[in-house]
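User: I would like to learn how to read buried residues and a nonpolar core in a model. Can you take me through some cases?

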Amino acid sequence: MRLTELPNGERGRVCVLDGEAGTCARLREMGFCETAVIERIAGQKTLLCQLCGTRIALSDRAADHIVVELIHEGV
């Protein structure tokens, strides 16, 4: 699923960055690399996410380039 589809309050692992090379390179510079764990905090047009202990705001256009898998918390 795209990061824009990850529900607020849920965590996901980045699987792939999908888009133009320049956009993907910028996202990687910000820490959105494959296997990174991200938590979507809030937002719709501007997403507030937590990545490596840092909160980052992303536009929905940028977040749409990030493909994540939902992390199911253990019971």
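Analyst: The turns below go through a core, then single residues. Keep in mind that this is a predicted model.

User: Which residues of the largest nonpolar core touch the most other members?

Analyst: In soluble globular proteins, nonpolar side chains tend to be buried together. Here the largest nonpolar core has 18 residues, and Leu3, Val14, Phe32, Ile38, Leu58 and Ile66 touch the most other members. At least two core residues come from each of strand S1 (11-17), helix H1 (21-29), strand S3 (46-51), strand S4 (54-59), helix H2 (60-63) and S5. S3 gives the most, with three residues.

User: What does Leu3 touch, leaving out residues up to four places away in sequence?

Analyst: The contacts of Leu3 include Ile38, Leu47, Leu58 and Ile66, and Arg40 is also among them.

User: Is Val67 buried or exposed?

Analyst: Buried means under 20% relative accessible area. Val67 has 18%, so Val67 counts as buried. This residue lies in strand S5 (residues 66-70).

User: How far apart are Val67 and Asp18 in sequence and in space?

Analyst: Positions distant in sequence can be compared by their C-alpha atoms. Val67 and Asp18 are 49 residues apart in sequence, with 7.1 Å from C-alpha to C-alpha. Asp18 is also one of the residues that Val67 touches.

User: Which side chain of opposite charge is nearest to Arg40?

Analyst: Arg40, in strand S2 (residues 37-42), is buried and has no salt bridge. The nearest side chain of opposite charge is Glu5, 8.6 Å away. The Arg40 side chain does make a polar contact with the side chain of Asn8, at 2.8 Å.

Note on methods:
Residues numbered from 1 in each chain as written. Predicted model: local features only at pLDDT ≥ 70, side-chain atom pairs only at ≥ 80, totals over all residues. Heavy atoms only, no water. Helix = DSSP H or I, 4+ residues; strand = E, 2+ residues; numbered from the N terminus. Buried < 20%, exposed > 50% of the residue type's maximum accessible area, 1.4 Å probe, protein only. Lys, Arg positive; Asp, Glu negative; His and termini not counted. Salt bridge = Lys/Arg side-chain N within 4 Å of Asp/Glu carboxyl O. Polar contact = N/O pair within 3.5 Å; in protein donor to acceptor, adjacent residues only side chain to side chain. Contact = heavy atoms within 4.5 Å. Core = buried A, V, L, I, M, F, W, Y, C linked by side-chain atoms within 4.5 Å.
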